[in-house]
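Hi everyone, thanks for coming. I'd like to walk you through one structure today, so let me put it on the screen.

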Amino acid sequence: MVRTKTNGSGIDRLSDLPEHLSCRILSHLTTKDSVRTSVLSKHWRNLWLHVPALDLDTIDFPNNLVFKEFIDRFVEFDKELDLKRFELFYDVNHAHSFDEFLWMIDDVVKRRVCRVTVINNVYVVDETLVTMPLSLYSCATLVNLTLSFVAMNKPQSELVSLPCVKTIYLDAVKFDGDDSILETLVSSCSVLDDLTVIAHPEDYAQVVCVRSRSLKSFTLESQSQYQDPNVVIDCPRLEYMSVRGYQPASIVVHSIGPYAKVNIDVMFEVDYEDPPAITMIRSFLIAISKAREMTISTRTLELIDGYHLMVNELPKFSNLSRLNAFLDKSFWERLPGFLGCCINLNSFVLELDGPSEIEEIKVSPLLQDALSARGFVQLKTPVSVTRTSSERKLAAYFVKKSG
């Protein structure tokens, strides 16, 4: 809340600020607090209507009619005002009107908005999702888009144009089983830098397809306990790729940056004795072998080890210089085969997930050889966990080898 201050002579210095500076101050507040300043003085009465930002929560309004009247007043007051930021926390159970929601977003787009955030407050995943209007696909001024628990309809590809979008964050956005919606959205963003997709647990899309000539950072996560959509990635300038908690039948990586940083936590729902599945896994490992820095999980190590056991070979990870492994129990003993392919690795950090259940950890000769070639080796355990005697021995061994 802004409070006006006076000096000893009773002059209100804050109210003497130029209007554009006062509006800049208010733009850092929520719209609710910005409106409250209207009672301070005549100078502040309508100042909130000049602030190029709307930060709203529908629960702050007694009903949908009052909410609509509030939006109407703001929109009609200064039609020349460019809207820098629109943030809406929307309760779909609070007198939701589909037509009025579309109208509101349409009008925001017309105000040349730069940043849009719409978060639908849902209590269970199968609740009603608000559907974003098609006008959002052709917002020429939009730079940042954040959507959570909403639905997106399929647009006509020729009507999609988002020339300024640099960041897209999609949390549990439902595409109603249409694989082309996300692909169309991403391909229309010619300067897109950063994309995050957290899959909706009950969407029925078959493929998550990301093709971009500009994308530099891509994060894909899953909230589902079942098989996830397949993945296709074709992003030759990608510098960072994270695929976490994902269980697809396949991931096809056509291209990423030659020295990317990757974070891989995947488990394929495939038959390892099926030749097409082996071919797919080989292609996936070859694609990520270009990475300079890699983080893997127990599931990823199981994938690598399973493939290694089937074909008795792994691709060379020649570019890899730093490896972080988050493993549990004794899975670290499966590392030798993978480490043997990391011929230029000079930093290896192993983090154990909780205390080991093994009383005595025996470092195999094969693992000794693999570790002894590393320039730096470090063992980590969670801060809250007291190391067992065997883990202390292992830590001492790592220190010795990295010395």
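I'll go through some strands, a helix and the cysteines, one stop at a time.

One thing to keep in mind from the start: this is a predicted model.

Let's begin with strand β1, residues 53-57. Is this strand mostly covered or mostly open? It is mostly covered, with 5 of its 5 residues buried. Look at where the side chains go: Ala-53, Asp-55 and Asp-57 point one way, while Leu-54 and Leu-56 point the other way. Residues on both sides are buried, the two aspartates included. That pattern fits a general point: in a regular strand the side chains alternate between the two faces of the sheet.

Now, what does β1 pair with? Its partner is strand β2, residues 85-90, and the pairing is parallel, over 5 bridges. If you want a landmark on screen, find Leu-56, which stands opposite Leu-88 in β2. To get from β1 to β2, the chain passes through helix α3, residues 64-77, and this β-α-β crossover is right-handed.

Next stop, further along the chain. Here we have an open sheet of 3 strands, in the order β9-β11-β13, with parallel pairing. β9 (207-211) and β13 (251-255) are the edge strands, each pairing on one side only. From one strand to the next, the twist averages 5 degrees. Zooming in on β9 and β11 (residues 230-234), the two run parallel and are joined by 5 bridges. Here the landmark is Val-207, standing opposite Asn-230 in β11.

β9 also turns up in the surroundings of helix α5, residues 180-187. Which residues of α5 are buried? They are Ile-181, Leu-182, Thr-184, Leu-185 and Val-186. Their cover includes β6 (150-152), β7 (167-171), β8 (194-198) and β9.

Last stop, the cysteines. How many disulfides are there? The count comes to 0, taking a disulfide as two cysteine sulfur atoms within 2.5 Å. Why is Cys-139 not in one? Its closest cysteine sulfur, in Cys-114, is 8.0 Å away, so that is too far for a bond. Cys-342 has a similar story: the closest cysteine sulfur belongs to Cys-341, at 6.5 Å, and that is also too far for a bond. As for their surroundings, Cys-139 counts as buried because its relative accessibility is 1%. Cys-342 is buried too, with a relative accessible area of 0%.

That's my tour, thanks for listening!

Conventions: Residues numbered from 1 in each chain as written. Predicted model: local features only at pLDDT ≥ 70, side-chain atom pairs only at ≥ 80, totals over all residues. Heavy atoms only, no water. Buried < 20%, exposed > 50% of the residue type's maximum accessible area, 1.4 Å probe, protein only. Helix = DSSP H or I, 4+ residues; strand = E, 2+ residues; numbered from the N terminus. Pairing = 2+ DSSP bridges. Right-handed = clockwise from strand over helix to strand, strands pointing away. Axes fitted to C-alpha atoms, helices over the stretch in contact; angles between N-to-C directions. Contact = heavy atoms within 4.5 Å.
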